[in-house]
Amino acid sequence: MFSSRVGALGLAKNLSATIPHTTPVNGATPYFAEKHYFCSKSSPHSFSPNVANRGLLSSGVSATVNAFGSHQVRFAHTDVSCPDYSDSRRESNSNPHKLASESSSQRRLFTYGLTAVSAIPAIYLGKGAVKGALSLFEPSKFVLALSQIEVDLSSISEGKALTTTWQGKPLFIRHRTPEEIEEMSNVNISDLRDPQHDADRVTRPEWLIVLGICTHLGCVPISHAGSFNGYFCPCHGSHYDASGRIRKGPAPLNLEVPPYVFESENTLVVG
């Protein structure tokens, strides 16, 4: 197939002066305007009244123009008709005499509606994915079951202590004597490494509830031991008093007090 590129200005003139084998159609001068599609004579759209002559040429010659202003004149395969997309077009823009701007609102409404309908399952899928990802960070059922424990205090006599577990951690419950309570209340907190009043660490003065984890390196101290008859960590020599406050050794902080409440005179709930 032989093709010849002709500039927009040259093609806009009478093709009979440019291409010797072409003649006007029905006595009309061929007219070529940019952004128009030129098809062969057998095209069903060749005689659209909205486009002047659509480049129809006799003598088996077909001309095309693209959006960039370059043109081609074809001398072979001119019997190939321009495709008809009428069946695929929407009803709103099927009329060739109607401007696209007149039906833009209908086409936009369809596009927006389709997008909204597609977004509904996407939102549900996204919600499920986020919920599944967040569930990986939730505590296990075993931990949730141990989030609270209930302790009967009637079995702990005065001056004694009970060691149990809460959330996998050792828990010290100590029934203090009046002498221990008075001694802990008279401690000068300015001499302490981690200053805390004894009254700020207990709800009822006779009961001390602390976690049995040394604040130095996480060892488990020994009850009723050390220089202050409180808790002693033999690993690195940290001494705590009967209020769980660090008094000597490398530990930087007092023993942690967990959240707890007294549900009755002899019932303690931790957690």
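**Hairpin E8–E9**

Strands E8 and E9 make a hairpin in which four residues lie between the two strands, and Gly226 in the turn has a positive phi of about 95°. The model is a predicted one. E8 and E9 run antiparallel and are joined by three bridges. Across this pair, Ser223 stands opposite Tyr231 of E9.

**The four-stranded sheet**

The hairpin strands belong to an open sheet of four strands, ordered E8-E9-E10-E11, with antiparallel pairing. Strand E8 (222–225) and strand E11 (246–248) are the edge strands, each pairing on one side only. Direction ignored, neighbouring strands of this sheet are turned by 40° against each other on average.

Further along the order, strand E9 (residues 230–233) pairs with strand E10 (residues 238–240) in the antiparallel sense, over three bridges. Here Phe232 stands opposite His239 of E10. In general, the strands of a sheet pair through backbone hydrogen bonds, either parallel or antiparallel.

**A nonpolar surface patch**

Elsewhere in the chain, a nonpolar patch on the surface is formed by Val130, Leu134, Leu136 and Phe137. Together these residues have about 500 Å² of accessible area.

One of them, Phe137, sits in the loop between helix H2 (104–135) and helix H3 (141–145). Is Phe137 buried or exposed? Its relative accessible area is 71%, so Phe137 counts as exposed, the cut-off for that class being over 50%.

Conventions:
Residues numbered from 1 in each chain as written. Predicted model: local features only at pLDDT ≥ 70, side-chain atom pairs only at ≥ 80, totals over all residues. Heavy atoms only, no water. Patch = residues over 30% accessible without salt bridge, like charges linked within 9 Å, V, L, I, M, F, W, Y side chains within 5 Å. Areas by Shrake-Rupley, 256 points an atom, 1.4 Å probe, with all protein chains shown as cover. Salt bridge = Lys/Arg side-chain N within 4 Å of Asp/Glu carboxyl O. Buried < 20%, exposed > 50% of the residue type's maximum accessible area, 1.4 Å probe, protein only. Pairing = 2+ DSSP bridges. Axes fitted to C-alpha atoms, helices over the stretch in contact; angles between N-to-C directions.
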